[in-house]
Amino acid sequence: MSADGDWKVTMNTPMGAQQLDVSIKTSGSTFTGTAKSGQLGEQQIEGVVHGDTLKWETKITSPMPMTLGFSAKVEGDSMNGAVSLGSFGNAPLTGVRA
């Protein structure tokens, strides 16, 4: 699995679809990168690689403070998974290589 590169990710949240531009650089069982969106701004991310699955957390302050937990399975030029929205449950996410 090679997740390295740029991704267009869509999260289908209770507040509607949210778009993220995600850049990923793997190194063994970890990865680093950035996640950018109009609403959330740009954040540095780092996470773990479990086989073909990426997992990471990020803290947001808008529309309210919470920690988002991401899990995405990468298959070729696509990814599918979910994001934990704290007390708002989970939202599906999809992504395509940019």
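Modeller: Two residues are in contact when heavy atoms of theirs lie within 4.5 Å of each other, and in this predicted model Thr-58 touches Gln-43, Met-66, Thr-67, Leu-68 and Phe-70, leaving out residues up to four places away in sequence.

Biologist: Where does Thr-58 lie, and why is Thr-58 called buried?

Modeller: Thr-58 belongs to strand β5. Its relative accessible area is 11%, and buried means under 20%, so Thr-58 falls on the buried side of that cut-off.

Biologist: What makes the link between the side chains of Thr-58 and Gln-43 a polar contact?

Modeller: The two side chains come to 2.3 Å, whereas the limit for such a pair of N or O atoms is 3.5 Å; the distance is within the limit, and therefore the pair counts as a polar contact.

Biologist: Let us turn to Asp-4. How do you know whether Asp-4 should be called buried, exposed or partly exposed?

Modeller: Asp-4, which is found in the segment before β1, has a relative accessibility of 26%. Buried would need a value under 20% and exposed a value over 50%, so Asp-4 is classed as partly exposed.

Biologist: What ties Asp-4 to residues that are distant from it in sequence?

Modeller: Not counting residues up to four places away in sequence, Asp-4 touches Ile-24, Lys-25, Thr-26 and Arg-97. For Asp-4 and Thr-26, the separation is 22 residues in sequence but 6.0 Å in space from C-alpha to C-alpha. Their side chains are also joined at 2.6 Å, and because the cut-off is 3.5 Å, this link counts as a polar contact.

Biologist: Now the aromatic rings. How many aromatic pairs are there, and why is the pair of Phe-31 and Trp-56 called edge-to-face?

Modeller: There are two aromatic pairs. In the one formed by Phe-31 and Trp-56, the ring centres are 5.7 Å apart and the planes meet at 90 degrees; centres within 6.5 Å make a pair and planes over 60 degrees apart make it edge-to-face, so both conditions are satisfied. This pair links distant parts of the chain, since Phe-31 sits in strand β3 and Trp-56 in strand β5, 25 residues apart.

Biologist: Why do Phe-31 and Trp-56 count as buried?

Modeller: Phe-31 has a relative accessibility of 1% and Trp-56 a relative accessible area of 6%; both values are under 20%, and therefore both residues are buried.

Biologist: What makes the pair of Trp-56 and Phe-70 a stacked one?

Modeller: Here the ring centres lie 4.6 Å apart with 5 degrees between the planes, and because stacked asks for planes under 30 degrees apart, the name fits. Trp-56 in strand β5 and Phe-70 in strand β6 are 14 residues apart, and this pair too links distant parts of the chain. Ring pairs thus join Phe-31, Trp-56 and Phe-70 into a cluster.

Biologist: Which residues touch the most other members of the largest nonpolar core?

Modeller: Of its 24 residues, those are Val-22, Ile-24, Leu-54, Phe-70, Met-79, Val-83 and Leu-93. Each of the strands β1, β2, β3, β4, β5, β6, β7 and β8 supplies at least two residues of this core, and β6 gives the most, with five residues. Val-83, one of the residues named, has contacts that include Met-11, Leu-68, Phe-70 and Leu-93.

Biologist: How many cavities of 30 Å³ or more are there, and which residues line the largest cavity?

Modeller: The count comes to one, and the largest cavity holds about 60 Å³ of space. Its lining includes Gln-43, Trp-56, Thr-58 and Phe-70, residues that we have already met. Strand β4 gives the most to this lining, with three residues.

Biologist: And what about the open space: how much of it lies in the largest pocket?

Modeller: The largest pocket contains about 240 Å³ of space. Fifteen residues line this pocket, and Thr-13, Met-15, Ile-60, Pro-63 and Leu-85 lie nearest its centre. The elements that give two or more residues to its lining are β1 and β6.

Biologist: Last, why is Thr-34 called buried?

Modeller: Thr-34, in strand β3, has a relative accessible area of 16%, which is under 20% and therefore buried. Beyond its neighbours up to four places away in sequence, Thr-34 touches Asp-21, Val-22, Ser-23, Glu-42, Gln-43, Gln-44 and Ile-45.

How values were computed:
Residues are numbered from 1 along each chain as its sequence is written. This is a predicted model: local features need pLDDT of at least 70, side-chain atom pairs count only at pLDDT 80 or more; totals for chains, interfaces and linings use all residues. Side-chain values use heavy atoms; hydrogens and water are left out. A nonpolar core is a set of buried Ala, Val, Leu, Ile, Met, Phe, Trp, Tyr and Cys residues joined through side-chain atoms within 4.5 Å. Buried means under 20% relative accessible area, exposed over 50%, partly exposed in between (1.4 Å probe, protein chains only). Helices (H or I, at least four residues) and strands (E, at least two) are DSSP runs, numbered from the N terminus. A polar contact is a pair of N or O atoms within 3.5 Å; within protein, one must be able to donate a hydrogen and the other to accept it, and residues adjacent in sequence count only if both atoms are side-chain atoms. Rings of Phe, Tyr and Trp (its six-membered ring) pair if their centres lie within 6.5 Å; planes under 30 degrees apart count as stacked, over 60 as edge-to-face and the rest as tilted. On a 1 Å grid over the protein atoms alone, a cavity is a set of points where a 1.4 Å probe fits but cannot get out, and a pocket is an open set with protein on both sides within 12 Å along at least five of seven lines; lining residues have an atom within 4 Å of a point. Grid points are joined across faces, edges and corners, and a volume is the space filled by probe spheres set on the points.
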